[in-house]
Amino acid sequence: MKPVRVLIIDDNTDFALRLQQCFATSDLFEVLPCVGGSQDALQAFAGLQPDIAILDMIMPQMDGMDILRNLHAAKTTPDTMIFATTPFYLNPAIIQQAMDLGVVYFFYKPIDPSQVFTRVKETVQARSRIFSAPAGAKTPAHDLRCETITVNYLRALGVPAHLKGYAYIKSALQYCVSHGGKVPNISTELFPILGEPNGASWKTVDRDVRTAIEYAWNHGNMDAQHQLFGYTVDRGSGAPTCKEFIAMLCERVVMRMKQKPE
């Protein structure tokens, strides 16, 4: 298997080097030279075409959002998975914009570089497991669009990104879309696959997904729930089951995927 190429962009030299050392311990990754400036970052993206980028959102001259906008406009690295680091808790609208521009996960500093390494490694392994299928497998760009549409729906419904169930639902939808929109048996196939990278049982995944759905149903956007699930939605009648929720959203994502990108 070809090593996953990692680009670290951070003006904190100590943090960047410690993070680089963490990735250098794994044969799964090829660590590219660290970048400490925003202009250098844009050149590195264009020249090195990394598979993974760990981007500091607070940098001099050009912050992370500006870098993301430039990358998006240039369409330089549509297949790069971008993990963002920031010392501040960002406004949800900013987080949404960043995720629309390719960020898949946020880390809040101060954080131990080993934690960043572990989470990135888990994410790479999980995606490899989830998308390792079928003949006619989708391209990374297709996967990225699927992820963007999925994130938009989950945020519209009010599923909080910090809950474990959020990540499981997102992965479940990506899995189902990549397998033709079919939702397999959740207890014997889907949830065991999602839980495997973290050693979680299907019952643990089921519990976390159910918690996220019920939170959204009790605290989320009811208008969005009406639009996506129909006007039978009623706070008093309880949330849909895990399979109902995933199946309905999967259908919506597949429909959106068939539309031309804006």
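**Close-up views of the predicted model**

**View 1. Arg207 and its partner Asp208.** Arg207 is partly exposed, as its relative accessible area of 49% stays short of the cut-off for exposed, which is over 50%. In this predicted model, Arg207 forms a salt bridge with Asp208, and their closest N and O atoms are 3.4 Å apart. How accessible is Asp208, buried or exposed? Asp208 has a relative accessible area of 10% and is buried, because the cut-off for buried is under 20%. Elsewhere in the protein, salt bridges that share partners link Asp10, Asp56 and Lys109 into one network.

**View 2. A salt bridge between two loops.** Here we turn to Asp10 and Lys109, which form a salt bridge with their closest N and O atoms 2.7 Å apart. Asp10 belongs to the loop between β1 (4-9) and α1 (13-24), while Lys109 belongs to the loop between β5 and α5, so this pair ties together parts that lie 99 residues apart in sequence. Both residues, Asp10 and Lys109, are buried. The structure holds nine salt bridges, and this pair is one of them.

**View 3. The cis peptide bond at Pro110.** Stay with Lys109 for a moment and follow the backbone onward. What is the geometry of the peptide bond from Lys109 to Pro110? This bond is cis, with omega near 0°. Pro110 sits in the loop that runs between β5 (103-108) and α5 (113-130).

**View 4. Strand β4 and its neighbours.** Strand β4 covers residues 81-86, and six of its six residues are buried. Which residues make up its two faces? Met81, Phe83 and Thr85 are on one side, Ile82, Ala84 and Thr86 are on the other, and both faces are covered. β4 pairs with β3 in the parallel sense over five bridges, and here Thr85 in β4 stands opposite Asp56. β4 also pairs with β5 in the parallel sense, again over five bridges, with Thr86 standing opposite Tyr108 in β5. Helix α4 (residues 92-100) joins the picture too: β4, α4 and β5 make a right-handed β-α-β unit.

**View 5. A salt bridge within helix α1.** Arg18 and Asp14 form a salt bridge, and their closest N and O atoms are 3.6 Å apart. How far apart are the two along the helix? Arg18 and Asp14 are four residues apart in α1, which means that about one helical turn separates them. Arg18 is partly exposed, with a relative accessible area of 38%.

**View 6. Gln49 and its positive phi.** Gln49 is not a glycine, yet it has a positive phi of about 50°. You will find Gln49 in the loop between α2 (38-48) and β3 (52-56). At 38% relative accessibility, Gln49 counts as partly exposed.

**View 7. Where to read the model with care.** The mean pLDDT of the protein is 82, and 86% of its residues reach 70 or more. Which stretches stay under 50? One is residues 133-140, for which the model has six contacts beyond four places in sequence. Another is residues 231-235, where pLDDT also stays under 50 and the model has 15 contacts beyond four places in sequence.

Key:
Residues are numbered from 1 along each chain as its sequence is written. This is a predicted model: local features need pLDDT of at least 70, side-chain atom pairs count only at pLDDT 80 or more; totals for chains, interfaces and linings use all residues. Side-chain values use heavy atoms; hydrogens and water are left out. pLDDT is the predictor's confidence in each residue, from 0 to 100. Contact means heavy atoms within 4.5 Å. Buried means under 20% relative accessible area, exposed over 50%, partly exposed in between (1.4 Å probe, protein chains only). Two strands pair if DSSP finds at least two bridges between them. A crossover is right-handed if, with the strands pointing away from the viewer, the path from the first strand over the helix to the second runs clockwise. A salt bridge is a side-chain nitrogen of Lys or Arg within 4 Å of a carboxyl oxygen of Asp or Glu.
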